[in-house]
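Visitor: I should like to take a close look at a single part of this structure, namely the surroundings of the ligand. Please explain them step by step, and then turn to the strands.

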Amino acid sequence: MTENLSILGSTGSIGTQALSVCEKLGIRVSALTANSNIGLLEQQVRKFRPKLAVIGTKALAEDLRIRIADTDTKVSFGIDGLCEAAMIDEADTVLTAVVGMVGLKPTLTAIRAHKNIALANKETLVAGGSLVMSEAEKEGVRIYPVDSEHSAVFQCLQSCPDKKLLKKLILTASGGPFFGKTRDELKDVTVEQALNHPNWSMGAKITIDSATMMNKGLEVIEARWLFDVPVENIDVVVHRESIIHSMIEYCDNSVIAQLGVPDMKIPIQYALTYPDRYSCDVGVLELAKIGKLTFFEPDYETFRCLTACKKAMAKGGTATAIVNGANEEAVRLFLDRKISFLDIGEIVNNAFDSIESRTVTSLDDVLDADRAAREFVKGIG
Ligand code: NAD
Ligand code: MG
């Protein structure tokens with residue numbers, strides 16, 4: 001069980017929920033980081049009294065230093081600050097809850113500093129999964145999934161962790177706000193419609209990823225690395241109610257599922273308390289009130305991001321960093337109202353087709369591929 005936590009991305013949807021779990025369980029917090037939300041970071045510093053607070057830029061850091069001059073908290077900024085938070089002495093665990101592959105370098109830094117990782121930041125594994133997993137193995141560090149599907153698989157695996165007996169992983173997907181729509185119906189989707197997720201309240205980027213189903217593609221890749229299962233043994237099923245968070249199938253065709261109300265506090269808390277369980281501040285699952293659970297095949301023709309992710313995983317090397325980087329830029333352009341909703345899938349597929357994939361031998365290979373993908377997208381925009 002985690003005793004002292006460093007939180008990368010403490011002002012976000014996962015970060016704030018993690019802080020309430022820490023408060024309830026008495027987990028100490030040694031570092032907090034935010035990109036730009038200085039007001040909330042200041043409040044968090046006053047409440048949790050970390051040793052270190054990190055913010056995005058030097059100018060914001062100067063402002064934060066003045067605001068919290070009456071505390072003992074040190075202030076740093078930028079990627080170096082994130083890495084400082086990732087290797088802070090006091091923490092035994094680092095929660096990576098920043099959004100985007102900016103989390104990769106700090107995650108590797110934390111692993112090298114022998115911190116266990118509670119991983120929400122899926123883009124880190126999508127871009128640099130081979131590096132992260134081999135480094136974790138080398139350093140003897142555990143990576144605990146926070147993503148609800150991966151937490152579900154992890155929880156199901158507790159019943160029989162023998163990999164040889166596992167046939168497949170079945171990841172559930174809500175289908176997002178546009179389930180059942182045709183490409184024609186999605187042509188004029190607005191940012192507001194895409195941000196309106198039916199079941200989960202999350203940060204903007206992952207909410208758009210859920211609407212395009214890129215999120216499920218990223219999660220297939222994340223699952224491949226976390227559980228070392230070949231991508232052809234990872235299925236996706238649309239499950240509108242988001243009650244079954246994922247399943248595993250054994251060689252005898254027995255399927256184990258993890259269920260619960262859709263609330264990220266459960267997987268966040270389990271990642272921090274594993275192997276123990278504590279009461280959690282979430283609703284009780286009342287199946288009779290829900291009535292029925294439904295399942296559908298994903299629509300790979302309409303939601304082309306999902307297809308791009310599967311192709312990228314099959315290709316290997318830097319291909320997954322390319323689709324991830326292209327998607328991060330495309331989502332930014334969509335949120336800035338510069339491209340249409342359907343453009344996101346086109347861009348991700350075009351980046352995959354146009355940029356050559358290379359073998360990953362170092363962090364630089366991944367960063368180069370990410371940069372190439374972003375430049376490719378900016379060239380179109
Ligand atoms: P969010 O946008 O709500 O929060 C992101 C956090 O990261 C904030 O604290 C922000 O200040 C920080 N951040 C953003 N850009 C940064 C940058 N360039 N440098 C440093 N810090 C930066 O996002 P979220 O919804 O909490 O998601 C965080 C991660 O967790 C994502 O990778 C997401 O895919 C994953 N995740 C989220 C949920 C969820 O329910 N929100 C569920 C599963 C997985
Ligand atoms: Mg998820």
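Guide: A polar contact is a pair of N or O atoms that lie within 3.5 Å of each other. The model before you is a predicted one, and with this cut-off in mind we may examine its ligand.

Asparagine 35 offers a case of such a contact: one of its polar backbone atoms is 2.8 Å from an oxygen atom of ligand 1. Serine 13 also takes part through its backbone, where a polar atom lies 2.9 Å from an oxygen atom of ligand 1. Glutamate 123, by contrast, uses its side chain, and a polar atom there is 2.7 Å from an oxygen atom of ligand 1. On its own, ligand 1 has 830 Å² of accessible area, and the protein covers 85% of it. Two elements give two or more residues to the shell around ligand 1, namely α1 (13-25) and α6 (122-139). In total, 22 residues surround ligand 1, and among the closest are Thr11 and Gly203. Sorted by class, this shell contains eleven nonpolar, eight polar and three charged residues.

Let us now turn to the strands. Strands of a sheet pair through backbone hydrogen bonds, in either a parallel or an antiparallel manner. One open sheet here has seven strands with parallel pairing, in the order β4-β3-β2-β1-β5-β6-β7. Its edges are formed by β4 (74-77) and β7 (143-145), each of which pairs on one side only. Within this sheet, neighbouring strands are turned against each other by 20° on average, if direction is ignored. Strand β1 (residues 4-8) is joined to β5 (residues 93-96) by four bridges in the parallel sense, and isoleucine 7 has leucine 95 in β5 as its bridge partner.

Another open sheet has four strands in the order β9-β8-β10-β11, and its pairing is mixed. Because β9 and β11 (255-259) each have a single partner strand, they stand at the edges, and one side of each is left without a neighbour in the sheet. The twist from one strand to the next averages 20°. At one end, β8 (residues 166-173) runs parallel to β9 and is joined to it by five bridges; leucine 171 has valine 236 in β9 as its bridge partner. Although β9 (residues 234-238) is an edge strand, four of its five residues are buried. At the other end, β10 (residues 244-250) and β11 pair in the antiparallel sense over five bridges, with glutamate 249 opposite valine 255 in β11.

Methods. Residues numbered from 1 in each chain as written. Chains lettered and ligands numbered in written order. Predicted model: local features only at pLDDT ≥ 70, side-chain atom pairs only at ≥ 80, totals over all residues. Heavy atoms only, no water. Buried < 20%, exposed > 50% of the residue type's maximum accessible area, 1.4 Å probe, protein only. Pairing = 2+ DSSP bridges. Near = heavy atom within 4 Å. Polar contact = N/O pair within 3.5 Å; in protein donor to acceptor, adjacent residues only side chain to side chain. Areas by Shrake-Rupley, 256 points an atom, 1.4 Å probe, with all protein chains shown as cover. Nonpolar A, V, L, I, M, F, W, Y, C, P; charged D, E, K, R; others polar. Axes fitted to C-alpha atoms, helices over the stretch in contact; angles between N-to-C directions.
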